[in-house]
Structure formats: C-alpha cells, structure tokens
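Here are a few short exercises with worked solutions. Have your viewer open and try each task before reading on.

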Amino acid sequence: MAGASAGERLIGWYGGVAEKNLSTRPDFVRNWLMLGFQAMRGKVHLAPYGDLLPSGNHGYQLFMDSVVGALADFDNAVVTSIFTPNEIFHALGARPVTAEAVASFASGAQAESGFIAAAEGRGIPETYCSYHRILMGMATSGVLGKPRMLASCSVACDANNLTFKTLGRFWGVPHVYVDVPYDVSRDSVLYVADELHELARAAEGAFSRKLDEGRLREVCACSERTMHELAETLPARRGRYLANTMTIDMMEMLDLHLSLGLPECEELAREMQRDFLAASPYEGVNLVWAHVSPYFLESLGELVNTSQTSQIVASDMMFESVTAGEAWFDASSPYEFMAERLVRSCFNGPATRRANCIELLARETNADAVVLFCHWGCKQTAGAAQLIRRQLEGAGWPVLVLDGDACDRANCMEGQMSTRFSAFLEMVEKRKEETKALS
C-alpha cells in the first residue's frame, strides 16, 4: 500500500482485521463490519461532502440508510437481484437489499478478498461474478445472518438464478425466481405479472403478513412519478457540471432500484432535476458509462470525480427502463406495471436493445463518448461489448471497452486501465476541440 493515504491505510487495516478473523470468529466480523458501516452512515449525515451537489449527498445518505438498515435488521430483509422489482417488499414493510449493494459494502471496507476466498473454498469458480462470490462468501462464512427470503429474476444474468437458488438451500429460506421472456409484448408482460403475483404470495408467507393491495398501488404510483422525474433529468444534464463521482453514480443507480417506490427516492429524482438545472456550465468531456464502475480505483477516479476535465453524465444501469418507450400499463395495475419494467429493460433480450438504450442516453445528454466497462464474470456485457461498440461508433460516438472488476481490487490491472482510460479521454478531448473549431 505504498503511497496510500492515511484514510486508505486505516480502511486497509480495518478490512484486514475482518479477513484475519473470518474463519474463526464470523460473529465478531459481522459486528466489526457493522460498526464501520454505522459510523460511515453517521458521517454522511453529519458531515456531507462539500464538493457534491445536494442531490449527490442525498443519494449517498439514502444508499447508506437503505443498506445499513437492511443489514442491521436482516431478519426483516429480502435479498434480491438488482432488477427485481422491490415495490412488493416496500408495501409489506420489508427491507430489500441487492447482492451488488452488499458486495459493494464489503469491497468499500476492503474486506472482499476474504469473502471471495471463502466462496472459492466452497467450490465457487473464480470466473464467477465477483459481486456474487462476495455475497456467497459472506453468507457461507456465517457473517451474514439469515434473511426471510430471496427473490431474483432472469434480468440480467444467469448468476441470479444459480446464486440465489444455492443460498436459498443454504439458508433454508424461500427463493422465488421470475423468468422474463425476451419478447417485448403485452403477452410477455402479463406472463411476468402472473409470476409477480406468485412472488407476492410467497412474500406474504415469508414475512407472515398480508399485502395491502391499495398500499402496493400507492408504492407503484410513487415509482411511476420517480421514473418520470428521472427521465426528465436527461436533457438537464447537457453541458452542466454534475459534481459527481464514480461512487456517487453507483450509489444513485442502486438507490433507484433498491428504494424505488419510496418518497425519499422520488425526492432524490426531483432534487437531481433542480440541481442540474441550476448547475454551472461544463466544458469538459461528458461520458455515458455502461455497466458498473470500479469506484475504488483512485487513478481512474481522479479523471472523472468532481472533475472539470471529464465527468459521467448517465449510465445504462440507472436508465435501463426509463428510456424504454411508451408504456402499456400504469401504476393502477401494479403487477403489470412492474412486469413491464422488467420486460422492457435494455438488459433483457438481444444486445441491440442495450446498444439502443446507450445510444439514446448519449444523444439525450449530448455526450462526447461512451465507456463500456466489462465487469469480471459478467458474460452478458463481455459478449455484447463489440456489438455495442460497433453500433455506437457507427452512430458517431467514440467507445472505450474497459475490462476489469468493479469490486475485487486483486482482479484489476489498475495501471493498464488508467493508461488506456487517460489516453481515451485525451483523444476525445482533442476531437471535441477540433469539432468546436470547425463549427
């Protein structure tokens, strides 16, 4: 850790304590990690970051409240995959938490290597998604307690079925899997709506309480308003300084899945719009980021985090359904409304659907270029990368395909990634200056 800051060294020591005690004292590790998570939650409320917009700090606080709250009350939690609709659980008063959020917390504490080793020690292959290896390591080591149930869907990867099915057996709790047809049609939506009805019945049994259908409609109506507000932020991002970071962008993306349907999530989308419209002009490079980001790599973060040189203006994971076209169903039909979001997701179906979404985001935000991050173990993104690149480049946007790992530090060639990213940004900046000179 030569050259690391005092803060990095402290977090490294903190994560090292967790790793050292993992195999013999899982209860201690759980409490040790929760101590740090609670402290960080308090910090972001008591001392917001001065270089972020108010919505950035709000997104950070909402993420910490959601995930720390779920981990502290895990007996009232449901572990879900990232695109599984959570409105049912919010209407039940349960706490949804995604595999990606849990793994990101472990990675943020620099404790991921111990959990990955624990998962691989139980036969999980090293080629498996790192988010899922961390989650499985945390579960099988005993650091995570037992949730009430698990819920996953086929959007966006096969790991959702394999991981959740395995953990359902390990914990001895119900697991419901929602299979989403590729075809975008009303029949597909109705098929998924029936599956979501079954998910609701399973959730009632797991949490031993009745789902109030009126409350579910209220939650879905809040989701509908939030998605509309979020879509309206796209043109507001054009040429504006967003003062964001890779970390904040990831947290806000997770907020808009974990907390969708809650008033605080709707307020976050409204606050983004207010902040962006009032933000100062921006002359740097604007990037659409596809997939997750390796927020912990400082050399990459220095290039885009609250930077006047380059910034991330949108990500396909945040807007995967917002940009999906005219809807057939609204919140008055809650199951169909949630189902349509899954069916229309750009992560469902052929890769061209995702390429179209990224192209739309680039056009709506006047982005200068696209970065497609191929996270380790994500076969869908890796397999689609060149097709997406060809389509976007054909439409006029430079594209960088960057291979790495969004949560396992040991699996990233930081120097090579930083060199390629820096060179790409220089090329895009030069291209932007030449275009401006000709206009």
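**Exercise 1.** Which residues in helix α6 (residues 112-121) are buried?

Before the solution, some ground rules. This is a predicted model, where local features need pLDDT of at least 70, side-chain atom pairs count only at pLDDT 80 or more, and totals for chains, interfaces and linings use all residues. Residues are numbered from 1 along each chain as its sequence is written, and side-chain values use heavy atoms, with hydrogens and water left out.

*Solution.* Step one: fix the terms. Helices (H or I, at least four residues) and strands (E, at least two) are DSSP runs, numbered from the N terminus. Buried means under 20% relative accessible area, exposed over 50%, and partly exposed in between (1.4 Å probe, protein chains only).

Step two: read off the list. The buried residues in α6 are E112, G114, F115, I116 and A119.

Step three: see what they pack against. Their partners are α1 (6-21), α2 (26-46), α5 (99-108) and α7 (130-140), with contact meaning heavy atoms within 4.5 Å. After α6 comes G123, with a positive phi near 100 degrees.

**Exercise 2.** Work out how compact the chain is, given its radius of gyration.

*Solution.* Start with the inventory: the chain has 17 helices and eight strands. Its radius of gyration is 21 Å, close to the 22 Å from the globule rule for 439 residues, so the chain is as compact as a globular protein of that length. (The radius is taken over C-alpha atoms, and the rule is 2.2 Å times the number of residues to the power 0.38.)

Next, check the extents: the C-alpha trace spans about 65 × 55 × 40 Å along its principal axes. Then look at burial and contacts. Of the 439 residues, 59% count as buried, and residues 24 or more positions apart make up 80% of the contacts with a separation of 6 or more.

**Exercise 3.** Find the backbone oddities in the loops after β3 (149-153), α9 (186-207) and α10 (213-236).

*Solution.* Keep the baseline in mind: most residues other than glycine have a negative phi, and most peptide bonds are trans.

- The V155 to A156 peptide bond is cis, with omega near 15 degrees; A156 sits in the loop between β3 and α8 (159-171).
- S208 has a positive phi near 55 degrees, in the loop between α9 and α10. This residue is exposed, at 65% relative accessible area.
- A243 also isn't a glycine, and its phi is positive at about 50 degrees. You'll find A243 between α10 and α11 (246-258), buried at 5% relative accessibility.

**Exercise 4.** Which residues does T306 touch, leaving out those up to four places away in sequence?

*Solution.* Locate T306 first: it is in the loop between α13 (298-304) and β6 (310-315). At 24% relative accessibility, T306 is partly exposed. Now list the contacts: D51, L52, Y241, A243, N244 and T245. So A243 from the previous exercise turns up again, as one of the residues T306 touches. For scale, T306 and L242 are 64 residues apart in sequence but 7.7 Å apart in space, C-alpha to C-alpha.

**Exercise 5.** How many residues of β6 are buried, and in which sense does β6 pair with strand β5 (residues 285-290)?

*Solution.* Count first: six of the six residues of β6 are buried, so the strand is largely enclosed by the rest of the structure. Then the pairing: β5 and β6 run in the parallel sense, over five bridges, where pairing requires DSSP to find at least two bridges between the strands. To pick out one bridge, go from L287 to its partner in β6, I312.
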